[in-house]
Amino acid sequence: MKTISVDIKDVFSTVTPAAVEALDSKGAEALDKVMNGTGEGSDFLGWVNLPTDTTDALLDDIIATADRLRATCDTVVAIGIGGSYLGAKAVIEALSDSFSSLRPGVQGEPKVLFAGQNIGEDYLYELQDYLKDKRFGIIVISKSGTTTEPAIAFRLLKEQLERQLGKEEARNRIVAITDAKRGALRTLATEEGYKTFVIADNVGGRFSVLTPVGLLPIAVAGFDIRALIDGAVEMEKATATADPATNPSMLYAETRNALYQAGKKIEILVNYNPKLHFFGEWWKQLYGESEGKDHKGIFPAAVDNSTDLHSMGQWIQDGERTIFETVLSVEESRYTKEIPADEANLDGLNYIAGMRVDHVNKMAELGTRLAHVDGGVPNMRVTIPALEEKYLGQLIYFFEKACGISGYLLEVNPFNQPGVEAYKRNMFALLEKPGYEKDTEAIKARLEKN
Ligand code: PA5
C-alpha cells in the first residue's frame, strides 16, 4: 500500500536522535490526550475519529447535493474564511488543472470560486461583476454563523442571486453549512429553507476540512471525496499507536518540538509543486492557530520552490539560523514532459535534453536540501506518492493528528484560539456595532489621544 512517509535524517546535524527520542514518553502522553480526550480542549476532538465515523449516507448526501449544483450552475461560490475556506481551497488547487479557470471544459463545470475570505471591496465588486451573467450558486460556510467577512460576502451575493433568479429559484442554489442550532446563519437557513449540512460542535474550524465544510466544495469541483476519506481512514489507523517508528504524526510532532527546544523557532513548509501553494496556507492556519499562544509556538511559514529560491532562498541559506524546513516532496507528477534537444544550443541546455522536467525539479529539491542542511537549516521530508485524493486525505489527517500531539507537547491547548478575538473587538468598536458602546468610547478616546 502506497502511503505518505516522514524522513527526519536531515535534522541530525542540529539535534541528536537521542534528543528526539527523549520526547517519546511525553509524545505518548500527548497522543493519549488526543485519543482519549484527557487534555485541555478535549471538547474539540471530534476530528480524531471523523474519517472512520463518516457514514456512506453523509457522503451520498454531499455527492447528491454537489451533483445538483453541478447540474444547475456554471459557477459555485464557496463563502467562508479560515477553517471554513482553506481546506477546500487547498485540496481543489492540489487536484485541479493549473489553468482550469482559463479552459472551460477541462474539468467540466462548474468552476468553484471563493469569497468571504477577505474584505476586499475590489475583490467583491469584480466577483459580482463576473457573476452578473453566470448561472451561479452559493455554498455559505460558517461554523459560528456570525463571522463578519463571510456574512458581508453572503449578504451581497444572496441579494445578487435573488435579483438574477428570483427568490424562489435562488433558494435552490444556496447551501448553508453551519452549526446545528446556533448562529445567525442557522436562523437564516431555517427561515429561507436552504439545504444545510451541520458542522459538529466538537470539530473546530481548522480541523473541519474532512466534514461537509471541505467535502461539499471539493465534490462540486468534481473530485472524489470518498477516496479523500479513504486516505484519511488509512492515516487515522496508522497514527493510533504511540510508536514514532510506525506513527508518522508522532515522529513529525516530536521532531519539530526537539528542533524548537534547540532554538529553531520558525518552520518553513516547502513545496516543489505550485499546486501545493494553498496546502501551505491551510497548514499555516492549522499550526498557527493551534500552537501560537501563551507566548510560545513555532512560527509557521511556507515557500513555493523553486520560485521562492529566487527570493526567500537567500534568507533561508544565509539568514538568522532560527529556522527549519519541512519539505513536501511529491514522488510522481501527473504528466511527463521531456526537455527537447536544440541544435543551436544557444541556451546551453542540451546537457539536460531528454530529461524529464520533473527530474530537473527533483535535482533542484535535492540540491537545495543538501545546501540548506550544510547551511545550518535542518530538514524534514514528507513524501507524498502523488497528488491524488487518497494521498491528500492521508496528508490532511497526518498533519491534523501531529498538530494535536505537537500542541500538547508544547503544553498549550491546541484547540482554542483566544488571540483571534482581539482584532474583532476593536473592529466592532470602530464600526460602532450595537453592544460595543463602551469599547467604542474607549477606542475613540485612545485614537484622539494618539
Ligand atoms: O479555526 C478556526 O476556528 C477559525 O479559523 C475559523 O475557521 C474561522 O474564524 C471561521 O469561523 P466560522 O466558520 O465560525 O465563520
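**Figure 1. The crossing of α4 and α11 is right-handed.** This close-up is taken from a predicted model. Helix α4 (residues 56-72) packs against helix α11 (residues 225-238) with the two axes 10 Å apart and at an angle of about 145°. On the α4 side, the contact involves D56, L59, D60, I62 and I63. These residues meet I225, R226 and I229 of α11.

**Figure 2. Helices α5 and α16 cross in the right-handed sense.** The axes of α5 (residues 86-95) and α16 (residues 389-409) come within 11 Å of each other. Their crossing angle is roughly 145°. From α5, the residues V91, A94 and L95 are in contact with E389, L392 and I396 of α16.

**Figure 3. An open, five-stranded sheet has mixed pairing.** The strand order is β1-β10-β9-β7-β8. Strands β1 (5-7) and β8 (299-304) occupy the edges and have a single partner strand each, so one side of each is left without a neighbour in the sheet. On average, and with direction ignored, neighbouring strands of this sheet are turned by 20° against each other. Strand β7 (residues 266-271) runs parallel to β8, and six bridges join the two. Within this pairing, I268 has A301 of β8 as its bridge partner.

**Figure 4. Helices α12 and α15 pack on the five-stranded sheet.** Helix α12 (residues 248-261) touches β1, β7, β9 (323-332) and β10 (379-386). The direction of α12 makes about 155° with that of β10. Helix α15 (residues 357-374) lies across β9 and β10. Relative to β9, α15 runs at about 160°.

**Figure 5. Strands β2 and β3 pair in the parallel sense.** Five bridges link β2 (residues 75-79) to β3. One of the bridge pairs joins T75 to K111 in β3. Strand β3 (residues 111-115) is mostly covered, with four of its five residues buried.

**Figure 6. F154 and Y194 form an edge-to-face aromatic pair.** Across the whole structure, a search finds 16 aromatic pairs. In the pair shown here, the ring centres of F154 and Y194 are 6.3 Å apart, and the angle between the ring planes is 80°. F154 belongs to helix α7 (residues 148-165), whereas Y194 lies in the loop between α9 (184-192) and β6 (195-198), so the pair ties together parts that are 40 residues apart in sequence. Both F154 and Y194 are buried.

**Figure 7. The rings of F398 and F399 form a tilted pair.** Their centres are 4.7 Å apart and their planes lie at 55°, which falls between the limits of 30 degrees for stacked and 60 for edge-to-face rings, so the pair is classed as tilted. F398 and F399 are both buried. The two phenylalanines are part of one aromatic cluster, which also contains Y252, F279, W282, W283 and Y287.

**Figure 8. The charged ends of K265 and K433 sit over aromatic rings.** The charged end of K265 is placed over the ring of Y260, at 4.5 Å from the ring centre. For K433, the ring beneath the charged end is that of F428, with a distance of 4.0 Å to the ring centre.

Conventions
Residues are numbered from 1 along each chain as its sequence is written. This is a predicted model: local features need pLDDT of at least 70, side-chain atom pairs count only at pLDDT 80 or more; totals for chains, interfaces and linings use all residues. Side-chain values use heavy atoms; hydrogens and water are left out. Rings of Phe, Tyr and Trp (its six-membered ring) pair if their centres lie within 6.5 Å; planes under 30 degrees apart count as stacked, over 60 as edge-to-face and the rest as tilted. Buried means under 20% relative accessible area, exposed over 50%, partly exposed in between (1.4 Å probe, protein chains only). A charge sits over a ring if NZ of Lys or CZ of Arg is within 6 Å of the ring centre and within 35 degrees of the ring normal. Two strands pair if DSSP finds at least two bridges between them. Axes are lines fitted to C-alpha atoms, for helices over the stretch in contact, and angles run from 0 to 180 degrees between N-to-C directions. A crossing is left-handed if the near helix is turned anticlockwise from the far one by less than a right angle, and right-handed if clockwise. Contact means heavy atoms within 4.5 Å.
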